[in-house]
Amino acid sequence: MRTMAFYGKGGIGKSTVVSSLSLAFAREGRRVLQFGCDPKSDSCYTMINEPIRTVMDEWINRGEPDLRLEHCMMHSSCGVDCLEVGGPQPGTGCAGRGITKAFELLGGLESLKKEYDVILLDVLGDVVCGGFSAPMRAGFAEEVYIVTSGEFRALYAANNIAQAVRGNSKNGVRLGGLIFNRREVPDEESHVKKLAKFLGTSIVGTIPRDPAVNRAEIVRTPLFEFDPNAPASRAFEELHKRIANLNSDEFVVPRPIPRIIFEQLYFMSNEREG
Ligand code: ADP
Ligand code: MG
């Protein structure tokens with residue numbers, strides 16, 4: 001079983017990436033669990049045609065003693081099992097608690113191995129608080145992928161996430177690579193390449209900006225089903241192939257860039273250029 005966690009700044013495209021990858025793995029016959037660890041609770045939105053249930057909601061409604069995994073698990077028509085952690089009422093409580101609770105419900109990794117071939121975690125990443133790095137600590141994120149564009153704040157978040165990966169490397173966590181989701185800002189490819197080089201990793205996939213992504217979302221349909229020939233669908237196929245075939249030496253303990261140097265590399269050089 002492979003466990004992959006996808007981190008990145010809010011709104012960068014994690015759920016879009018994870019949903020397409022889940023479907024690609026399911027299509028080649030893998031048993032897949034997509035696990036949304038973001039209080040937005042919209043990771044599995046395009047896969048599920050019913051109101052989204054979350055672990056946090058079921059926990060509150062049923063109460064701790066009666067809560068079971070089957071109350072929370074959703075089954076998509078494309079064969080992917082989906083679990084959404086959900087969040088507390090906005091402005092109250094800690095969303096990280098839901099992640100810990102969901103791990104409890106799922107049981108140990110050993111029992112999950114009997115049920116799934118691939119688990120993909122879609123994790124909010126600009127707040128690398130204890131709760132959100134829990135997947136790395138609990139062994140649920142052996143492989144980490146960071147979704148980024150070439151925007152300063154996305155790269156900044158990516159560098160912070162790399163720091164969390166390094167900090168959790170003693171638990172076996174490794175960085176598999178960066179996923180470059182284009183925003184079409186100036187020089188973005190060179191910015192992302194530069195970060196990959198400093199971190200000691202590679203860009204495992206590049207996704208073009210594609211209006212089909214948004215259109216598929218509006219009709220709540222997986223992108224591959226909405227338009228298998230869309231440029232983003234093709235790019236996700238490539239990304240899936242690349243991730244499915246990564247060599248063991250491509251999983252690294254990254255070397256995050258110290259903040260001051262990061263600012264000199266990105267922010268100040270942009271200012272001078274501008
Ligand atoms: P996250 O899960 O990181 O918060 P989402 O996957 O929800 O981000 O994406 C945020 C928004 O950006 C969504 O509305 C999505 O449709 C759009 N989006 C993401 N990637 C692309 C892309 N490559 N081309 C066009 N729109 C995209
Ligand atoms: Mg999301």
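Trainee: How much space lies in the largest pocket?

Mentor: About 620 Å³. This is a predicted model, where local features need pLDDT of at least 70, side-chain atom pairs count only at pLDDT 80 or more, and totals for chains, interfaces and linings use all residues. Residues are numbered from 1 along each chain as written, ligands are numbered from 1 in the order written, and side-chain values use heavy atoms, without hydrogens and water.

Trainee: What makes the space a pocket?

Mentor: On a 1 Å grid over the protein atoms alone, a pocket is an open set of points with protein on both sides within 12 Å along at least five of seven lines. Lining residues have an atom within 4 Å of a point; of the 33 here, G13, S15, T16, V213 and E217 are the closest to the centre. The largest share of the lining, six residues, comes from α1.

Trainee: Why do we say ligand 1 sits in the largest pocket?

Mentor: A molecule sits in a pocket if more than half of its atoms lie within 2 Å of the grid points. Ligand 1 is given as sitting there, so that condition is met.

Trainee: Why is the G11 pair called a polar contact?

Mentor: The term takes a pair of N or O atoms within 3.5 Å. A backbone N or O atom of G11 lies 2.8 Å from an oxygen atom of ligand 1, so the pair qualifies. A polar side-chain atom of E217 also lies 2.8 Å from a ligand 1 oxygen atom, and one of R209 is 3.5 Å from a ligand 1 nitrogen atom.

Note on methods: A polar contact is a pair of N or O atoms within 3.5 Å; within protein, one must be able to donate a hydrogen and the other to accept it, and residues adjacent in sequence count only if both atoms are side-chain atoms. On a 1 Å grid over the protein atoms alone, a cavity is a set of points where a 1.4 Å probe fits but cannot get out, and a pocket is an open set with protein on both sides within 12 Å along at least five of seven lines; lining residues have an atom within 4 Å of a point. Grid points are joined across faces, edges and corners, and a volume is the space filled by probe spheres set on the points. Helices (H or I, at least four residues) and strands (E, at least two) are DSSP runs, numbered from the N terminus.
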